[in-house]
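Got your viewer open and a hand on the mouse? Let's take a walk through this model, one selection at a time.

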Amino acid sequence: MVNNKIKNSLPNNIDYGKYSVSELIKLIEFNKVGFPEPVLRNLVTREQEAVPVLMDVLKKVYDNYKRYANDDDYFGHIYAIYLLAQFRVSDAYKVYVDMLRLPGDLVYKLFGDSVCESTGRLLASLCGNDYEPIKSIIIDDSIDDVIRSHAVAAIAILAVQGVLNREEALKYYKDLLISDNWDKNESVMAEIVSACSDLYPAEVIDEIKTVYEKELVDVLVIELDDVEEILKMDKDEVLERTGNDIYYHYIDDAIEEIKDWNCFYQSGSQTALGESEKVGPNQLCPCGSGRKYKKCCG
C-alpha cells in the first residue's frame, strides 16, 4: 500500500513546456519532489527532444557508476531508462546491459528493488531484434541470478510480443535445458521452466522432466506437478493468459510503471521501492500471499 505522506510535490499549474528538457531533468533528477508526474508527462510529449538528453543522463551515470551508486536520492537514470524503454530507444540497450553487468551489488544500488520487478521487460523493450546480449546474460554466472532470471523472461516476452515466434523461443530454452556448457543455477533453471510453461511446454516436457530428475530446478519456485497441470489445459487458453499477463508486456507507460513506488511518498530512498530485496520473479512473494512474486506484488 502506498504511503500517502508525500515528500514534496511539483505544482501542476506551471507551464513546463517553457523549460528545456535539460532544465526539466534538473528539476527532478533528485528524489526530493515526490513523484514528478507533470514533468514526466511533458517529457513524454517531447520524445524527440528528450531522447538525447535522457541518453546523456544514462551514460553519465554509467560512466560514473561508483559515485551514483552511493547517492540514494539520484533518480535521473531511473526516469531515463523507463522513458527510453517506452520510446523503444535501442541505443540505450547496450548501456543498460553494461550496467546490469556491473559487479557486486552495484546494480541494486543504482536501480533499487526495481531490479526485481522490471529488468526483463526493460531488456525486451529496448532490444529491438538484437537478443544476443540477453542470451549472454543468461549464461554468465558472474551476474546476479535475479538479473539472469529476468533475462530468461525477456526471451519469453519477445515471443509473446511477436519478435520471436513461440517455437524459436522454446527451442532456445530446450538448448539451455540440455546443454552442459553453462552454470545451471537452480533459480535460473526455474525461470526457464516457468517461461516454457507460460508458452505451453509440450515440446520441451521431456527435457523439463530430465532437469527435475537431476535436481537442477529450485522446486520452491516451480514444481514438475505445476508444469504437468498446465499441459492438461488448453494450449490457446494458456497462451491467452500469458499474453494478458503484464509481466510479458513491454514498458508502454513509464509513468504508470513507477508512480506508486513508496519512495515517492515517504522518507527514504529508491531502496524503498518495495518490501522485497532480491526477490526472483518466480519466488514466493514476501507479502505472504503464497503466490509467485511476479503474479503478486511484482
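Start by selecting Phe35, Phe75, Tyr79, Tyr82, Trp261 and Phe264: ring pairs link these residues into a cluster. Before you zoom in, keep in mind that what you are looking at is a predicted model.

Now hide everything in that cluster except Phe75 and Tyr79. How are their two rings arranged? The pair is tilted, with 55° between the planes and 5.9 Å from centre to centre. Switch on a surface and look for these two: both Phe75 and Tyr79 are buried. They are one example from a longer list, since a search of the whole structure finds 13 aromatic pairs.

For another aromatic pair, select Tyr96 and Phe111. This one is edge-to-face, with 90° between the planes and a centre-to-centre distance of 5.8 Å. Colour helix 6 (residues 91-100) and you'll find Tyr96 in it; colour helix 7 (residues 106-111) and there is Phe111, so the pair ties together parts that are 15 residues apart in sequence. Are these two buried or exposed? Tyr96 has a relative accessible area of 2%, so it is buried. Phe111 comes out at 3%, so it counts as buried too.

**Zoom out for a moment**

Show the whole chain as a cartoon. How many helices and strands does it have? The count is 16 helices and zero strands. Of the 298 residues in the chain, 53% are buried. Here's one more thing to know about the chain: take the contacts with a separation of 6 or more, and residues 24 or more positions apart account for 71% of them.

**Helix 1 and its partners**

Next, select helix 1 (residues 21-28) and helix 2 (residues 37-45). Their axes are 10 Å apart, and the two pack at an angle of about 155°. Angles over 145 degrees count as roughly antiparallel, so that is the label for helix 1 and helix 2. Turn the view until you look through one helix at the other: the crossing is left-handed.

Show side chains where they touch. On the helix 1 side you want Val21, Leu24, Ile25 and Ile28, which meet Val39, Leu40, Asn42 and Leu43 in helix 2. What kinds of residues make this contact? Seven are nonpolar, one is polar and none is charged.

Keep helix 1 on screen and swap helix 2 for helix 3 (residues 47-63). Here the axes come within 9 Å and cross at roughly 45°, which makes helix 1 oblique to helix 3. The crossing of helix 1 with helix 3 is right-handed. Pick out Val21, Ser22 and Ile25 in helix 1, then look across to Glu49, Ala50, Val53, Leu54 and Val57 in helix 3, which they meet. This contact divides into six nonpolar residues, one polar and one charged.

**Helix 10 and helix 11**

Jump along the chain to helix 10 (residues 145-160) and helix 11 (residues 166-178). They pack at about 160°, with axes 8 Å apart, and are therefore roughly antiparallel to each other. Their crossing is left-handed. To see the contact, select Val152, Ile155, Ala156 and Ala159 of helix 10, plus Arg166, Ala169, Tyr172 and Tyr173 of helix 11. The tally for this contact is seven nonpolar, no polar and one charged.

**Three stops in the loops**

Select Tyr200, in the loop between helix 12 (186-198) and helix 13 (205-213). Check its backbone: phi is near 75°, a positive value in a residue other than glycine. Its relative accessibility is 11%, so Tyr200 counts as buried.

Move on to Glu215, in the loop between helix 13 and helix 14 (224-231). Glu215 also has a positive phi, near 55°, and is not a glycine either. Is Glu215 buried or exposed? With a relative accessible area of 64%, Glu215 is exposed.

The last stop is Asn244, in the loop between helix 15 (235-243) and helix 16 (254-258). Asn244 counts as exposed, at 59% relative accessibility. Now add Val160 to your selection and draw a distance between the two C-alpha atoms: Asn244 and Val160 are 84 residues apart along the chain, and those atoms are separated by 9.6 Å.

Key
Residues numbered from 1 in each chain as written. Predicted model: local features only at pLDDT ≥ 70, side-chain atom pairs only at ≥ 80, totals over all residues. Heavy atoms only, no water. Axes fitted to C-alpha atoms, helices over the stretch in contact; angles between N-to-C directions. Helix = DSSP H or I, 4+ residues; strand = E, 2+ residues; numbered from the N terminus. Parallel < 35°, antiparallel > 145°, perpendicular 65-115°, else oblique. Left-handed = near helix turned anticlockwise from the far one by under 90°. Contact = heavy atoms within 4.5 Å. Nonpolar A, V, L, I, M, F, W, Y, C, P; charged D, E, K, R; others polar. Phe/Tyr/Trp six-rings, centres within 6.5 Å; stacked < 30°, edge-to-face > 60°. Buried < 20%, exposed > 50% of the residue type's maximum accessible area, 1.4 Å probe, protein only.
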